[in-house]
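Me: Could you take me through this protein model with care, giving the cut-off behind each term as it comes up?

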Amino acid sequence: MGGSEVDSFEREFAGYHGAHHALAVTNGTHALELALQVLGAGPGTEVIVPAFTFISSSQAAQRIGAVAVPVDVDPETYNIDATATAEAITPRTRVIMPVHMAGLMADMDALDKLASDAGVRILQDAAHAHGARWRGKRVGELGSIAAFSFQNGKLMTAGEGGAVLFLDPDDYEKAFLHHSCGRPRTDRNYHHQVAGTNMRMNEFSAAVLRAQLGRLDGQIELREQRWRLLSQLLAQIPGVRPQGGDARADRNPHYMAMFRLPGWSEERRNLLVDRLVDAGIPAFAGFRAIYRTAAFWETGAPEESVDAVAKRCPNADAISQDCVWLHHRTLLASEQALTDTAAIVADQVAAG
Ligand SMILES: *Cc1c(COP(=O)(O)O)cnc(C)c1O
């Protein structure tokens, strides 16, 4: 029915990540919605999400009628906290959604155990994690569905786009029908089998993404080297804490170079971001904790006050006010550019 670029890209992207199947879709938010629907999330169910993430993680769950339950993150890795996740599981929980923050894999061992004990599924929000690995395993080999984004800022991009990886052929077939108006691949007589929508990727984007997949490994290698240098330089500045690692997360594609300035006010943090931007460095303030947005409370929020959620999520609150991130292209720049970047941070820290 379609062309050949999307089919080829799906095969190559699945193969690259060790999954059996991939579906290329319109964007990363739709990838999450599609995956959540296949996993049975919807009205009457809950989806556990990290409180510190881009809003799509929770919005996808809310959009399909589920309740998004934010839990706290680790103060060093900024990834979902396994203990907080365990405490948030209820009989209504259907999915746990770790976000591999900036490319650093969440603790998949602990989360897998929690999920299998509770009989719930894991959906990896892998919007930052193209090519990431956990104890040598690729994202698609970790026994759960994973959703990716190819939005303009991401590690692979066609302006917009997304993908979902599957190990289970039944999950894949369900998702295929849903993303293509309920229509089986071979149908020629309009036998639409289930209610669905059109989330299909276009041929042009797939062609661009196929070319980018070929460059990804080289770029990851360079970013890993550069992050080792930048994180060392930042760690030498008093009061600056680069995002921590986890030896088990043994391949990190580094979607963002993140660091915290613990104890800083949001205003002081924002001044540093401005200063970096003025020097031509693509720097940004960290995500706002999802429960600190108006959008979060419009639909599908837990029956808790914002203060009660904030009390459960002190790390997410602190990180959103004291965290800075640099665009991944800074980690493809020269070593000198990184030395210059760290010097600006040091200067601003010294200025008090
Ligand atoms: C970018 C992003 C998404 C959504 O992707 P889009 O393609 O922009 O819809 C989802 N989750 C996280 C963590 C993201 O950073």
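The questions and replies below go from the whole chain to its domains and one helix.

Reply: This is a predicted model, in which local features need pLDDT of at least 70 and side-chain atom pairs count only at pLDDT 80 or more, while totals for chains, interfaces and linings use all residues. Residues are numbered from 1 along each chain as its sequence is written, and side-chain values use heavy atoms, with hydrogens and water left out.

Me: What is the radius of gyration of the protein chain?
Reply: The radius is taken over C-alpha atoms, and the globule rule is 2.2 Å times the number of residues to the power 0.38. For 352 residues that rule gives 20 Å, and the chain comes close to it, so it is as compact as a globular protein of that length, with a radius of gyration of 20 Å.

Me: How many residues of domain 2 are in contact with domain 1?
Reply: An automatic or database domain assignment supplies the bounds, which divide the chain into domain 1 (5-210) and domain 2 (216-351). Their C-alpha centres lie 24 Å apart. With contact meaning heavy atoms within 4.5 Å, 44 residues of domain 1 touch domain 2, and on the side of domain 2 the number is 47.

Me: Which residues of helix H11 are buried?
Reply: Helices are DSSP runs of H or I with at least four residues, strands are runs of E with at least two, and both are numbered from the N terminus; buried means under 20% relative accessible area (1.4 Å probe, protein chains only). The cover over the buried part of H11 includes strand E11 (256-260), helix H8 (266-278) and strand E13 (323-327). Within H11 (residues 314-322), the buried residues are Ala-316, Ile-319, Ser-320 and Asp-322.

Methods: Buried < 20%, exposed > 50% of the residue type's maximum accessible area, 1.4 Å probe, protein only.
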